[in-house]
Amino acid sequence: MADAPWTARVLTLYPEMFPGPLGHSLAGAARARAIWALETVDIRGFARDKHATVDDAPFGGGPGMVLRPDVLAAAIDDAEARAERRLPLIYPTPRGASLTQRRVRELAAGDGAVLICGRFEGVDERVLEARDIEELSVGDYVLSGGETAALVLLDAVVRLLPGVTGSAESAAEESFEAGLLEYPQYTRPRMWEDRQVPDVLLSGDHEQIRRWRRAESERSTRERRPDLWRAATGSRENGTNG
Ligand code: SAM
């Protein structure tokens, strides 16, 4: 299946939320060209009673409802049974490891991913253990459902797939790719509201421009994200990167 598209299989209670923004621009065009494929699975279709119940109250009390493990596992197992390739199972959750550009790159290098979108207070812990599901967070805040987190992850992955952005160089220079934030960007007009584009960018001296951009990258990473700066300088000292 060398030519099969990168496949996103999304398990959700709201299939109509997809492709949403990924139906437009780069991701939309890439999907039309079959660089990636999207399949949605309605979790409610795996409910076991006539009321199509997918959730229940948490044991031990507390607010909200929890997605049932039997319903979710049935949806996951069905998706896996019908798939031609085994894909990583991912549950977006604020409790997960932070989604990084490194993990995005790894996912883009694979065949696809199964994304399990939580709702309510989340999913029963046992299904995460039993199906060996990776938990990833898109940030330290709480969304109302996993669908927007899945869209964030897919957007980040799809733009790295070969043939999507048209410029591998542009992806390589972006924030996080070298463990640093990107340098500032400027375009026409040269003068805007009394603000001048830095002279070096108009000099035509490519080596000077490269050095200026590198210095700006380092400065903004140091000032804005000391955590990234420490990791970047630490990993360079250890002879590793990324
Ligand atoms: N009770 C959960 C907690 O405190 O961790 C939050 C549940 S949230 C209201 C419902 C769903 O949204 C979660 O199951 C998860 O799939 C998704 N979600 C919310 N915030 C997220 C984040 N920062 N990253 C990834 N997924 C998130």
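**Exercise 1. Find the backbone contacts of the ligand.**

*Solution.*
Step 1. Start at glycine 146: one of its backbone N or O atoms lies 3.4 Å from an oxygen atom of the ligand. Keep in mind that this is a predicted model.
Step 2. Go to glycine 139. Here a backbone N or O atom is 2.9 Å from a nitrogen atom of the ligand.
Step 3. Go to glutamate 121. A polar backbone atom of this residue is 3.0 Å from a ligand nitrogen atom.
Step 4. Apply the cut-off. A polar contact needs a pair of N or O atoms within 3.5 Å. The distance at glycine 146 is 3.4 Å, the one at glycine 139 is 2.9 Å, and the one at glutamate 121 is 3.0 Å.

**Exercise 2. Work out how much of the ligand the protein covers, and where the ligand sits.**

*Solution.*
Step 1. Take the ligand on its own: its accessible area is 590 Å².
Step 2. Add the protein. It covers 85% of that area.
Step 3. Locate the site. The second largest pocket holds the ligand.

**Exercise 3. Describe the shell around the ligand.**

*Solution.*
Step 1. Look up the total: 20 residues surround the ligand.
Step 2. Pick out the closest. These are Tyr91, Pro92, Gly139, Tyr141 and Leu143.
Step 3. Sort the shell by class. It has 10 nonpolar, eight polar and two charged residues.
Step 4. Assign residues to elements. Strand 5 (89-98), strand 7 (134-137) and helix 5 (146-158) each give two or more residues to the shell.
Step 5. Rank them. Strand 5 gives the most, with four residues.

**Exercise 4. Locate the unusual backbone geometry.**

*Solution.*
Step 1. Recall the rule. Most residues other than glycine have a negative phi, and most peptide bonds are trans.
Step 2. Check the bond between phenylalanine 18 and proline 19. It is cis, with omega about 0°. Proline 19 belongs to the loop between strand 1 (6-12) and helix 1 (25-32).
Step 3. Check the bond from arginine 188 to proline 189. This one is cis too, with omega near 0°. Proline 189 is in the loop between helix 6 (168-173) and strand 8 (191-192).
Step 4. Check phi at aspartate 132. It is positive, about 50°, although the residue is not a glycine. Aspartate 132 lies in the loop between helix 4 (125-130) and strand 7.

**Exercise 5. Give the domains and the distance between their centres.**

*Solution.*
Step 1. Read the assignment: domain 1 is 6-158 and domain 2 is 173-237.
Step 2. Take the centres over C-alpha atoms. They are 35 Å apart.

Note on methods
Residues are numbered from 1 along each chain as its sequence is written. This is a predicted model: local features need pLDDT of at least 70, side-chain atom pairs count only at pLDDT 80 or more; totals for chains, interfaces and linings use all residues. Side-chain values use heavy atoms; hydrogens and water are left out. Domain bounds come from an automatic or database domain assignment. A residue is near a molecule or strand if one of its heavy atoms lies within 4 Å of it. A polar contact is a pair of N or O atoms within 3.5 Å; within protein, one must be able to donate a hydrogen and the other to accept it, and residues adjacent in sequence count only if both atoms are side-chain atoms. Accessible areas come from the Shrake-Rupley method with a 1.4 Å probe; for residues, only the protein chains shown count as cover. On a 1 Å grid over the protein atoms alone, a cavity is a set of points where a 1.4 Å probe fits but cannot get out, and a pocket is an open set with protein on both sides within 12 Å along at least five of seven lines; lining residues have an atom within 4 Å of a point. A molecule sits in a cavity or pocket if more than half of its atoms lie within 2 Å of its grid points. Ala, Val, Leu, Ile, Met, Phe, Trp, Tyr, Cys and Pro count as nonpolar, Asp, Glu, Lys and Arg as charged, and the others, Gly among them, as polar.
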